[in-house]
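Trainee: I have a model open on my screen and would like to learn how to read it. Could you walk me through it, feature by feature?

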Amino acid sequence: MSGRVGVPVRVRRVSSELRELRFRSGLGAEEVAGALGMSMSKLSRMESGQRGLQADDVSALLGLYRVPAKRREELLSLVRNASMPNWWRVQNGRLPAMWDEMVRFEREAYAISNYETMLIPGLLQTVEYATAIVQGTDPDLNFAEVDTLVTARLGRQTVLNRPSAPHFTALIEQSILERPAGGPGVMFRQLRHLVSAASQPNITVLVLPTEAVHPGLSGPFVVYDFGNLPSLVYLENRGSSAFLEESEHVASTKEALRRLHEVALSAEDSVGMMNSIADRLS
């Protein structure tokens, strides 16, 4: 028996883009509904991810918005495969395989929890640190490619500064803070940036002490919580990314998250540790 709850993740992704495409077209909802002979309520539900999507309806909208054929087929493929549980994709470029999807769900979530084992979460990286990570993980990149990737990664961070910004909780292994990525100076400034970020009302930074053994050791993850839609789990590793939507996967990840909170240092003690490590680097 499937543990999926609510509208499939692929449908939610398409709904988000349909809403964006209408805004880009300059057409009002009433104009679009009238042109295609559908009710305003139907169009609203299609754009909000509150209902399933039919390929014919989506095709008509994409035609009205003059979406290029290749992108139109990509979106229709998502609709046709909506019944497949979860969503997994292999990377075929420099950015993570589900980059666009991740950015969209970050903008729509009201809370994001990110547990990391190897590096500072991307939403809290400095330019210097992000550059060191990009160069270190792919030393064959030229300057322009590094700059493009760093710009893309840092561009995501605007989501935390919006009036309706999500609450972001970063759970970070102590060993990450002690690895001087890019050199002591770069890491010193990265740690100071983390301390500064932790002072913002919508950001919490928690450190997992090295001696703690916990469920997070099975790998990093992100949990996205939404106001009126089911939560999603995002996983990323070398060469592939996935969104998990089935209730058993989401529940087990949230249980792991709960246990991580139990063994993590308090927010105050986490800031104290970050300051202490920064002081040693200086």
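Trainee: Let me begin with the sheet: what is the order of the strands?

Mentor: Before anything else, keep in mind that this is a predicted model. To read a sheet, you list the strands by who pairs with whom. Here the order is S1-S7-S6-S5-S2-S3-S4, an open sheet of 7 strands with mixed pairing. S1 (87-90) and S4 (203-208) stand at the edges; each has a single partner strand, so one side of each lacks a neighbour in the sheet. From one strand to the next, the twist averages 15 degrees.

Trainee: How many bridges join S2 to S3?

Mentor: The count is 6, between S2 (residues 111-116) and S3 (residues 167-173), and these two strands run parallel. If you want a place to look, find Ser113, which stands opposite Thr169 in S3.

Trainee: Which strands does helix H1 lie across?

Mentor: H1 (residues 9-25) lies across S1, S6 (232-237) and S7 (240-244). Its direction makes an angle of about 75 degrees with S1. For the wider inventory, the protein chain has 12 helices and 7 strands.

Trainee: Now the overall shape. What radius of gyration does the protein chain have, and what would a compact globule have?

Mentor: The idea is to compare the chain with a rule based on its number of residues. For 282 residues, a compact globule would come out near 19 Å, and the protein chain has 21 Å, which agrees. Along the principal axes, its C-alpha atoms fill a box of roughly 65 × 45 × 35 Å.

Trainee: And what share of the residues is buried?

Mentor: It is 48% of the 282 residues. Contacts add to that picture: among those with a separation of 6 or more, 77% are between residues 24 or more positions apart. As for the accessible surface, it comes to about 13700 Å², and carbon and sulfur atoms contribute 53% of that.

Trainee: I would like to look at the aromatic residues. Which of them are linked into a cluster by ring pairs?

Mentor: The cluster holds Trp87, Phe105, Tyr224, Phe226, Tyr234 and Phe243. To read any ring pair, take the distance between centres and then the angle between planes. Try Phe105 and Phe243: their centres are 5.1 Å apart and their planes are at 75 degrees, so the pair is edge-to-face. It also links distant parts of the chain, since Phe105 is in helix H6 (residues 99-108) and Phe243 is in strand S7, 138 residues apart.

Trainee: Is the pair of Tyr234 and Phe243 edge-to-face or tilted?

Mentor: Tilted, because the planes are at 45 degrees, with the ring centres 5.1 Å apart. Check the accessibility as well: Tyr234 is buried at 3% relative accessible area, and Phe243 is buried at 0%.

Trainee: Helix H6 also holds Arg104. Is Arg104 buried or exposed?

Mentor: Its relative accessible area is 9%, so Arg104 counts as buried. Next, ask what surrounds the residue: leaving aside neighbours within four places in sequence, Arg104 is in contact with Arg13, Ser16, Glu17 and Glu20.

Trainee: What about loops: where is Gln157 found?

Mentor: Gln157 is in the loop between H8 and S3. A loop residue can be read by its cover too, and Gln157 is buried with a relative accessible area of 15%. Beyond its neighbours within four places in sequence, Gln157 is in contact with Gly122, Leu123, Leu124 and Gln125.

Trainee: Which residues of helix H7 are buried?

Mentor: In H7 (residues 127-137) they are Tyr129, Ala130, Ala132, Ile133 and Val134. Their cover includes helix H8 (143-155), helix H9 (174-178) and helix H10 (184-198).

Trainee: One last feature, the backbone angle phi. What is phi of Asn86?

Mentor: It is near 60 degrees, a positive value in a residue other than glycine. Asn86 is in the loop between H5 and S1, and is buried at 13% relative accessible area. Arg66 also has a positive phi, about 55 degrees, although it is not a glycine. Arg66 is in the loop between H4 (55-64) and H5 (69-80), and at 77% relative accessible area it is exposed.

Notes
Residues numbered from 1 in each chain as written. Predicted model: local features only at pLDDT ≥ 70, side-chain atom pairs only at ≥ 80, totals over all residues. Heavy atoms only, no water. Pairing = 2+ DSSP bridges. Helix = DSSP H or I, 4+ residues; strand = E, 2+ residues; numbered from the N terminus. Axes fitted to C-alpha atoms, helices over the stretch in contact; angles between N-to-C directions. Contact = heavy atoms within 4.5 Å. Rg over C-alpha atoms; globule rule 2.2 N^0.38 Å. Buried < 20%, exposed > 50% of the residue type's maximum accessible area, 1.4 Å probe, protein only. Areas by Shrake-Rupley, 256 points an atom, 1.4 Å probe, with all protein chains shown as cover. Phe/Tyr/Trp six-rings, centres within 6.5 Å; stacked < 30°, edge-to-face > 60°.
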